[in-house]
Each structure stands twice: as C-alpha cells, then as structure tokens.
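Student: I've got a model open and I'd like to know how the labels on it are earned. Can we go through a few?

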Amino acid sequence: ERVFVVGYVRNTGAITFEEGMTVFEAIAAAGGISEKGSNSRIEIIRIENGQRKSIDAEQTDLLKPGDQVNVRPRRL
C-alpha cells in the first residue's frame with residue numbers, strides 16, 4: 001500500500017505506507033519540504049465513502065493507505 005506526497009517537497013510521488021506513519025515521516029521520505037514549501041500549510045486528501053475529503057493537517061497526524069499529502073507554498 002502507498003501514500004502520495006505532492007506539492008512543495010523535494011521528490012514528489014508514491015512512497016510505501018507503514019502502519020503508524022505520520023505526515024512528517026511521509027514528507028521526510030519524499031526528501032523533505034522544499035525551499036518554497038510551508039511546514040504549516042499541509043493538507044491530507046483522503047477518499048472516504050467515495051467522497052474526496054480535504055483535511056488541514058499537522059505533521060504529527062497519522063496517515064491511512066491511499067492518502068495524498070499536499071505541501072502548499074509558503075505565504076509571502
């Protein structure tokens with residue numbers, strides 16, 4: 001099973017999901033947040049009951065298989 005890390009990280013793409021994985025661990029596996037990325041503007045996109053759900057995330061939040069972590073840009 002996988003989770004996907006996109007947005008302002010060094011290496012976007014799928015990473016292997018591990019039970020108990022946090023947002024921070026997924027971002028670290030993607031090479032970390034890029035220079036333009038925000039470490040507080042992060043969302044989890046999750047499909048629940050066939051519905052796409054966007055969740056404002058903290059780096060300590062737990063992920064589920066199939067989640068997408070989106071690191072948004074820093075505000076100017």
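Tutor: Sure, starting with Thr 22, which touches Gln 59, Thr 60, Asp 61, Leu 62 and Leu 63, leaving aside residues up to four places away in sequence. This is a predicted model, where local features need pLDDT of at least 70, side-chain atom pairs count only at pLDDT 80 or more, and totals for chains, interfaces and linings use all residues. Residues are numbered from 1 along each chain as its sequence is written, and side-chain values use heavy atoms, with hydrogens and water left out.

Student: What makes something a contact here?

Tutor: Heavy atoms within 4.5 Å. Leu 62 is one of the residues that Thr 22 touches.

Student: Why is Thr 22 called buried?

Tutor: Because its relative accessible area is 16%, and buried means under 20%, exposed over 50%, partly exposed in between (1.4 Å probe, protein chains only).

Student: Where is the place of Thr 22?

Tutor: In the loop between strand S2 (13-16) and helix H1 (23-29). Helices (H or I, at least four residues) and strands (E, at least two) are DSSP runs, numbered from the N terminus.

Student: How do you know that S1 and S2 pair?

Tutor: Two strands pair if DSSP finds at least two bridges between them. S1 and S2 have 4 and run antiparallel, forming a hairpin with 5 residues between them. In S2, Ala 14 is the bridge partner of Phe 4, while in S5 Gln 68 stands opposite Phe 4.

Student: What makes S2 an edge strand?

Tutor: The open sheet has 5 strands in the order S2-S1-S5-S3-S4, with mixed pairing. S2 and strand S4 (51-57) each pair on one side only, so they are the edge strands.
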